[in-house]
Amino acid sequence: MVAKSQQNSKPKDRKQISGNKSSSHGSASKKQKFVNDKPSKSHGLGTVGKPFKSKVEKSEAKKEPITKREHRLQAKELAEARKKKRKRHYDLEHELAHLWEKMRVRNITKEDRSKWVSKALENMKGKIPEIAGSHVSSRVLQTCVKHCTDAEREAVFEELKPHFLTLACNTYAVHLVKKMLDNASKKQLAGFISSLHGHVASLLRHMVGSLVVEHAYHLANAAQKQTLLLELYSVELQLFKDLVSMKESRLVDVISKLDIKKASVSRHMTSVIQPILEKGIVDHSIIHRVLMEYFTIADKTSAADVIQHLSSSLLVRMIHTKDGSRIGVLCIKHGSAKERKKIVKGMKGHVKKIAHEQYAVMVLVSIISVVDDTKLIRKIIINELEKDLKELILDKNGRRVVLQLLRPNCSRYFSPDDLASLNLSIPSLCNKSESGVDRAEEKADSDMGETEGEEVDGGEVSAEGSEAVEGGKKDPLIRRHELLVDSGLAEKLVDVCVNNAGEILRSNFGREVMYEVATGGADGVLQSKLGEKLSGLYEAIASLAAEPKSEDAAAGDEHVLENFHSSRTIRKLILDCPAFALTLWTTALEGKSKLWAQGHSCKIVQAFLESTDSKVREISRVELQSLIDEGLLKIPDTKQSADKS
């Protein structure tokens, strides 16, 4: 116990001793010794033996540039020193940048520009492949290739030829390669396409490299395009591409000629297409062509997988090309209700742009003809179209959406190629009675599209385009009524036609919409609920016709009875719409028919005699008979034959 108490007491004694040392009650001698150990300032040495620096010396040592400008210059010099150390050809690039500023000026003579271009190419000779990937040098080379002579361009091409594949995948050099292709001769373009042999599929999987393949495909002729496509079909076709002629332009024809197993080609194309779609590289027309050919041989599962993958916003990026638009139509036609919903939702915010494009608008036409979810279409598509309805009516492509609702699949408004694209189908996904693979292959030629420069054989389409697009279960007339009348689109359409009757009638494209609206559309879809509105439209057109005749009117402001487009539209309305004919006669022509019995307006007056409606002929008979007697009008041939009989 004693020992333990002694051990416990020892630390306390130590604490007390240490406390005494730090306290102010310590001995003066120890404290004095501690103070005396400090070095004197006059000795010039610090606490660790380093030379002592005064405050003035420290401030001078830490002194920064006097102005901000000097600080920027110092930082710039430091950055340039680092660039010189990091970039091998930094001085050359710096010199090229100065030359580029001189050669790219607009107000420069051709001789001076040629001099600067030649000097730049001379400085780059032998180093072009090394500096082509630089941000600055690539721009200089593009300008040089554009303005240099053919001999200089040939020299640059030969120097870059072994490095094309590497440069095609470089972010900056890819623009140089595209510029080289734009200015290449036929021989150089053929040489470049041959250098892509065996690498087309790998380049298409590259975000940057795919741009070069697409550019070469766009510039190539038909034979060269087929060469690029054959590499994507199978390995065998890469080896035996010379055995394929331009007559076998479609994949099914190539397979039948060379007797290649379709399953092998399908597997290879799946391995090529799948990574491309996964990366979202779907903007290029060569990929659209490959997908169209793939659908001709793909089995049911593979085709459905591609449609499922494309049923999103990816499809919006594809439909700007001819083949891409057809792929969109096929996805709409063969996709499930869920997939169609994704496609329609992916178009949100892009409907206006799609409606004004030549090929993309056909996807909208397919949607309003096939998709049964009219509520979704009204919410996303119809609502966006209503915002610029006048612009849509007057546009060459945009009017086709409205015309499809008013008179579906009409050959007057859709070309045979357009109607064929609406009736395309994938052989393996067709819901037809024939289920055999051989029979599906026989139908492939007529169901699918064609290569460039050939007529489309996209199914049997009647002259009037009466064949309906498959895919929807709802009655077409009910679908049209819900989209056109119940949505309020028809009422707004009539209001736009009333408010802009003169401009629309005189328009080459808008007049067709005016005619269909005034006649009530196919099956009288507008007559049931908008009869009064249509009467107001007849009065608006008649009031324009009642305006006095002007002799010195401008070409675009001609009287509606004398304008080339409007006069023909009014004549058709007189023949096909008796209610309009009666309104026009009583408002504008009664007592004035002799004034309008000459020029383009003569056909309008003559139409009253040619009308099949007895009321129209009777109301104008007395007044027009006097014009016949004077020789200003001729009796219609049909009436003459009836009188003779």
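**Close-up 1. Character of the lining of the largest cavity.** By class, the residues that line the largest cavity of this predicted model comprise three nonpolar, two polar and four charged ones. The charged class is represented by residues such as Lys 322, Arg 326, Asp 417 and Asp 418, which belong to the lining, while Val 329, Tyr 359 and Met 362, also in the lining, count as nonpolar. Ser 325 and Ser 421 complete the list of lining residues, and serine counts as polar.

**Close-up 2. Volume of the largest cavity and the helices around it.** The largest cavity holds about 80 Å³ of space, and the model has three cavities of 30 Å³ or more. Two elements, helix H21 (322-334) and helix H28 (416-422), each give two or more residues to the lining of the largest cavity. Helix H21 gives the most, with four residues.

**Close-up 3. Val 616 and its contacts.** Val 616 is found in helix H38, which covers residues 614-630. With residues up to four places away in sequence left out of the count, Val 616 touches Pro 578, Ala 581, Leu 582, Phe 608 and Ser 611. Val 616 has a relative accessible area of 0% and is therefore buried, since buried means under 20%.

**Close-up 4. Val 616 and Ala 581, apart in sequence.** Although Val 616 and Ala 581 are separated by 35 residues in sequence, their C-alpha atoms lie 6.7 Å apart in space. Ala 581 is also among the residues that Val 616 touches.

Methods. Residues are numbered from 1 along each chain as its sequence is written. This is a predicted model: local features need pLDDT of at least 70, side-chain atom pairs count only at pLDDT 80 or more; totals for chains, interfaces and linings use all residues. Side-chain values use heavy atoms; hydrogens and water are left out. On a 1 Å grid over the protein atoms alone, a cavity is a set of points where a 1.4 Å probe fits but cannot get out, and a pocket is an open set with protein on both sides within 12 Å along at least five of seven lines; lining residues have an atom within 4 Å of a point. Grid points are joined across faces, edges and corners, and a volume is the space filled by probe spheres set on the points. Buried means under 20% relative accessible area, exposed over 50%, partly exposed in between (1.4 Å probe, protein chains only). Contact means heavy atoms within 4.5 Å.
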